[in-house]
Amino acid sequence: MSNNKTIWHKLGNIDYRWLYALSLICTIIPILYPLGLPVQVSGGTIGYFDAIDKLPAGSVVAVSFGASAQLLDEQEAQFLATWKLLFQRDLKVLFYNPLQDGTLMLQTELGKQVIPASYGKVYGEDYVVLGYAPLGEAGEASMGINIRGVYTTDWKGTPLNDLPMMKDINSAKDIDLLIFVYTSCTDVEFPIRQWVTPYKTPTIIATLGCCGPMAAPYYPTQIQGFLSGSGMGTELEVYGRVPGPGAAMSDAKNIGVLPFLFFFIFGNLSYIGNRYKWGVKKQ
Amino acid sequence: MIWTIATLGTLVASFFILSVLSMLWKDNPVFRIGQQAVIGAATAHYIVLNFESVYKNALKPMMGGNLLLIIPLFLGLLMYTRLKKEASWLARYPTAVLVGVGTGVMIAGTLRGQIIDQLKATIVDILNAPASGGLTVFNTVLILIGTITAVTFFTYTQKHATEKGLTLLGWSAKIGRIFLMISLGANWSGELVWYLTQLIGRLTYLINFAKLLIGG
């Protein structure tokens, strides 16, 4: 093999640690010195906000809270902004957790980061937490048919019939909006198949950045809005005027991604240059 | 600064964040310690949560008289027969139940929600597009081409090429592959930003702790 390596070869073999070092620098600087870069609000976020905002007073919102502790940084901005928007309005909120972590996160975040009492909300009358059940798709289907078939008590063991809010809430027909929070990309199909298709329940979803492209095809015909990643969580904070952790991350994300963009360009130039042998003298 | 249990917890968390980040330089013993501690803690965490779940959803109601729950509990226990080779065939029964229930639950919704309604949405969009302006027409046509060509990429019952070269199906599949690559690229970029968000979250944690240490 020739030792006379072309620039394309060298470009494709830059030590990956340069990328990490540059990315760390580009990420840390905006954390220390925020730049206040503008946030563009996308259609999915506006749809998500409108779905909550346009609900009539007294509407019932079910929140399938499939958040994961490992992904807190990606999801926190989304769900904190959502909770604030829900508690600011005259709505009945029903939380349930299809992942074990969801209950744990509700315990640590609800009442500490977002305090329902500060919005005048009372547990059992304005919001209820059902807790964890290993739901999956079959569980979502069961929830739609009969909530009491899945949960007989709330997360603290209080029978649902003893909670005033739950008096008339039995199945999907009593739910005015479903907010489906999930971390496994294909789970977007659960609410589509078990809530939207059979009951036409208005649905909005919140998921990870990588899952957005799988949720987007359902918007706006089958879901009313969607949040993909903390970026759209930030958009919701800005659009809904509910400040939270997303805004602080926004600058770091915008700048931190630049080294990756440059390296994508380098990598592709290197690939094309090597493939078509640019700069190699023909013999 | 007053040292409390919470401060100690933050110090331990910071150590593990740094130990995991040290992998960016190269594999090292500190990274291994962090990795194994995180895996161990996560495993213990989920064992406790799962046991709680079994207790709350099965054992407790059974003690209250709901004896029918012994059926799912028994099926769940059969899953553990996989641990012994001679008895592992027994695990097929709960697997069969899971597959059967899963398929039954999803099939109706899949046909209507994911095939018919998605197709309907594409067609309705095309019919409505001219009223919404040039860009919408362009987007809609693009989606239509993308949908059709991406589907043809997965058509294996016809040959995509003959001795003379690519067939019409082959050309369509080739274009479809470009759409699929763009789609995967979009997924991957979302994944990258997600990792970056996690990194930012942990760096912010470290910076806040450093500020606390120096009294900032």
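This is a guided tour of the model, with a selection to make at each stop.

**Stop 1: chain A as a whole**

Keep in mind that the model is predicted. Select chain A and show it as a cartoon. You should find 12 helices and six strands. Along the principal axes, the C-alpha atoms of chain A fill a box of roughly 85 × 40 × 30 Å. Chain A has 283 residues, and 43% of them count as buried. Take the contacts in chain A between residues at least 6 apart in sequence: 76% of these join residues at least 24 apart.

**Stop 2: the two domains of chain A**

Colour 1–33 and 247–283 together; the domain assignment calls these two pieces domain 1. Give 43–243 a second colour for domain 2. The centres of the two domains, taken over C-alpha atoms, are separated by 40 Å. Where they touch, four residues of domain 1 are in contact with five residues of domain 2. The domain 1 side of that contact has two nonpolar residues, one polar and one charged.

**Stop 3: strand 4 of chain A**

Now select A:177–181, which is strand 4. Five of its five residues are buried. Show the side chains. Which residues point which way? A:Leu177, A:Ile179 and A:Val181 go to one side, while A:Leu178 and A:Phe180 go to the other. This follows a general pattern: in a regular strand, side chains alternate between the two faces of the sheet.

Add A:60–65, which is strand 1. Strands 1 and 4 run parallel and are joined by five bridges. For one pair to click on, take A:Val63, whose bridge partner in strand 4 is A:Ile179.

Next add A:203–207, which is strand 5. Strand 4 pairs with strand 5 in the parallel sense as well, over four bridges. Here A:Leu178 stands opposite A:Thr203. Follow the chain from strand 4 to strand 5 and you pass through helix 8, residues 189–199. This β-α-β crossover is right-handed.

**Stop 4: the nonpolar core**

Stay with the strands and select A:Val61, A:Val63, A:Leu94, A:Phe95, A:Ile179 and A:Val181. These residues have the most contacts inside the largest nonpolar core, which has 69 residues. Which element supplies the largest share of this core? Select A:72–88: helix 4 of chain A contributes eight residues.

Centre the view on A:Val61. Beyond its neighbours within four places in sequence, A:Val61 is in contact with A:Leu86, A:Leu91, A:Lys92, A:Val93 and A:Leu94, among others. Its contacts also include A:Asp176, A:Leu177 and A:Ile179.

**Stop 5: the loop before strand 5**

Select A:Lys200 and A:Pro202. Both sit in the loop between helix 8 and strand 5 of chain A. Is A:Lys200 buried or exposed? A:Lys200 is exposed, because 11 other C-beta atoms lie within 10 Å. Its phi is near 55°, a positive value in a residue other than glycine.

A:Pro202 counts as buried, because it has 20 C-beta neighbours inside 10 Å. Draw a distance from A:Pro202 to A:Asp176. The two are 26 residues apart in sequence, and their C-alpha atoms are 6.7 Å apart in space. Leaving aside neighbours within four places in sequence, A:Pro202 is in contact with A:Ala51, A:Asp176, A:Leu177 and A:Gln224.

**Stop 6: two more backbone details**

Go to A:Tyr219 and A:Pro220. A cis peptide bond joins them, with omega about 0°. A:Pro220 lies in the loop between helix 9 (212–215) and strand 6 (225–228) of chain A.

Then pick A:Arg241, in the loop between helix 10 (229–239) and helix 11 (245–256) of chain A. The phi of A:Arg241 is near 55°, a positive value in a residue other than glycine. A:Arg241 counts as exposed, because it has 11 C-beta neighbours inside 10 Å.

**Stop 7: where chain B meets chain A**

Bring chain B into view. The contact takes 35 residues from chain B and 39 residues from chain A. On chain B, select 29–63, 92–132 and 168–213. These are helices 2, 4 and 6 of chain B, and each supplies at least two residues of the side that touches chain A. Which helix gives the most? Helix 6 of chain B does, with 17 residues. By class, the chain B side has 17 nonpolar, 15 polar and three charged residues.

Definitions and conventions:
Residues are numbered from 1 along each chain as its sequence is written. Chains are lettered from A and ligands numbered from 1 in the order in which they are written. This is a predicted model: local features need pLDDT of at least 70, side-chain atom pairs count only at pLDDT 80 or more; totals for chains, interfaces and linings use all residues. Two residues are in contact if their C-beta atoms, placed from the backbone, lie within 7 Å. Ala, Val, Leu, Ile, Met, Phe, Trp, Tyr, Cys and Pro count as nonpolar, Asp, Glu, Lys and Arg as charged, and the others, Gly among them, as polar. A residue is buried if 20 or more other C-beta atoms lie within 10 Å of its own, exposed if 12 or fewer, and partly exposed in between; C-beta atoms are placed from the backbone. Two strands pair if DSSP finds at least two bridges between them. A crossover is right-handed if, with the strands pointing away from the viewer, the path from the first strand over the helix to the second runs clockwise. A nonpolar core is a set of buried Ala, Val, Leu, Ile, Met, Phe, Trp, Tyr and Cys residues joined through C-beta atoms within 7 Å. Domain bounds come from an automatic or database domain assignment.
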